[in-house]
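Biologist: Could you take a close look at the nonpolar core of this chain for me, and at how the parts around it are held to one another? I would like one connected account that I can follow with the model open beside me.

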Amino acid sequence: MSRTVTRTAAALLALGALAYTAWVLEVLVHTGLDPVRTYVSELAAADQPLGGLFRATDFAAGLLVLAGALTGLAGAWRARGSGVPGHEGRDPWAVGGWTALAVFGAATAADSRLPLSCAPTVDPVCAARETAGLVPATHAAHAVSSSLAMTGALAALVALTVAARRHDRRLPLARTGPALVALEFAATAWTLAAVAAFEAGKGLWALGAGQRLQVLLVAVWLAVLAYSLARSPAGDGQRERR
């Protein structure tokens, strides 16, 4: 990538990571939702007092990451740049990773436009209506967009971390990426198990804590990716020096 492209992608991704962690504001303001037990997306539910704020930050996060990913993908698609800082030649891992990250950004933005109507983990009536299929169609659509977003995030974490390790192990992403990927998969497994337990009526299994760890790790990884891009010595037409 050219220096201009890497700096642009880095700035967009850093801002996206920041917006994606807006839910931490719940430690400063009263939301009425228990962060250990509730879905992160319930903060943005239509019936929540601060729902509009969290929907707006999710929308901004999605658009910023999407823009950063498309910028990275443009650089990766050029014959002279792999999309990995400081490396020549198109790399399928980088192309696939940037594409997956774009899917994550687009799905996150869509997710914010498809909010839950109520908070099922704290509202028994909402949970009963959801089970009976009496909630708006946005509940089902939200589940699809959330699943697509996390699938894109997981694919991007793996692919871009592999690309970084293949081409420059000095990069922060190459050094810390594998640990972040492992932690992310563990947090995802925790979240999925907790969701299954909740839907089966067997409790919440600290669902909120697991999901908050899951989204926090994605944001940390985005920040590391942005930092790696910002530190890249690559420029237009420059080859990596080893």
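Modeller: A helix here is a DSSP run of H or I of at least four residues, and helices are numbered from the N terminus. Read in that way, this predicted model follows the pattern α-α-α-α-α-α-α along the sequence, with seven helices and zero strands in the chain.

Before turning to the core, it helps to have the whole chain in view. The C-alpha trace spans about 60 × 30 × 30 Å along its principal axes, and the radius of gyration is 19 Å, which agrees with the value near 18 Å that a compact globule of 242 residues would have. Of these 242 residues, 51% count as buried, and among the contacts with a separation of 6 or more, 72% are accounted for by residues 24 or more positions apart. The chain exposes about 11000 Å², of which carbon and sulfur atoms supply 67%.

Now to the core itself. In soluble globular proteins, nonpolar side chains tend to be buried together. In this chain the largest nonpolar core has 50 residues, and those with the most contacts inside it are Leu13, Trp98, Leu101, Phe104, Trp221, Leu222 and Leu225. The elements that each give two or more residues to this core are α1, α2, α3, α5, α6 (172–199) and α7, and its largest share, 10 residues, comes from α7. Phe104 is a useful residue on which to centre the view: leaving aside neighbours within four places in sequence, Phe104 is in contact with Tyr20, Val65, Ala149, Gly152, Ala153, Val218 and Leu222. Apart from the largest core lies another, of five residues, among them Tyr39, Val195, Leu204 and Leu207.

Trp98 can be followed towards helix α2, where Leu70 has its place. The C-alpha atoms of Leu70 and Trp98 are 7.1 Å apart in space, although the two are 28 residues apart in sequence. Leu70 has a relative accessible area of 45% and is therefore partly exposed.

As for the charged side chains, the count comes to three salt bridges, taking a nitrogen-to-oxygen cut-off of 4 Å. In one of them, the side chains of Arg212 and Glu26 meet at 2.7 Å, N to O. Because Arg212 lies in helix α7 (residues 207–230) and Glu26 in the loop between α1 (3–20) and α2 (51–77), this pair ties together parts that are 186 residues apart in sequence. Arg212 counts as buried, at 5% relative accessibility, and Glu26 also counts as buried, at 12%.

Another salt bridge joins the side chains of Asp91 and Arg166, at 3.8 Å from N to O. This pair, too, links distant parts of the chain, since Asp91 is in the loop between α2 and α3 (92–112) and Arg166 in helix α5 (residues 138–167), 75 residues apart. Asp91 is buried, with a relative accessible area of 2%, whereas Arg166 counts as partly exposed, at 48%.

The remaining salt bridge is formed by Arg170 with Asp168, whose closest N and O atoms are 2.9 Å apart. Here Arg170 is exposed, with a relative accessible area of 53%, while Asp168 counts as buried, at 8% relative accessibility.

To bring the two themes together, helix α7 gives the largest share of the largest core and also holds Arg212, the partner of Glu26 in the pair that ties together parts 186 residues apart in sequence.

Methods: Residues are numbered from 1 along each chain as its sequence is written. This is a predicted model: local features need pLDDT of at least 70, side-chain atom pairs count only at pLDDT 80 or more; totals for chains, interfaces and linings use all residues. Side-chain values use heavy atoms; hydrogens and water are left out. Buried means under 20% relative accessible area, exposed over 50%, partly exposed in between (1.4 Å probe, protein chains only). A nonpolar core is a set of buried Ala, Val, Leu, Ile, Met, Phe, Trp, Tyr and Cys residues joined through side-chain atoms within 4.5 Å. Contact means heavy atoms within 4.5 Å. The radius of gyration is taken over C-alpha atoms; the globule rule is 2.2 Å times the number of residues to the power 0.38. Accessible areas come from the Shrake-Rupley method with a 1.4 Å probe; for residues, only the protein chains shown count as cover.
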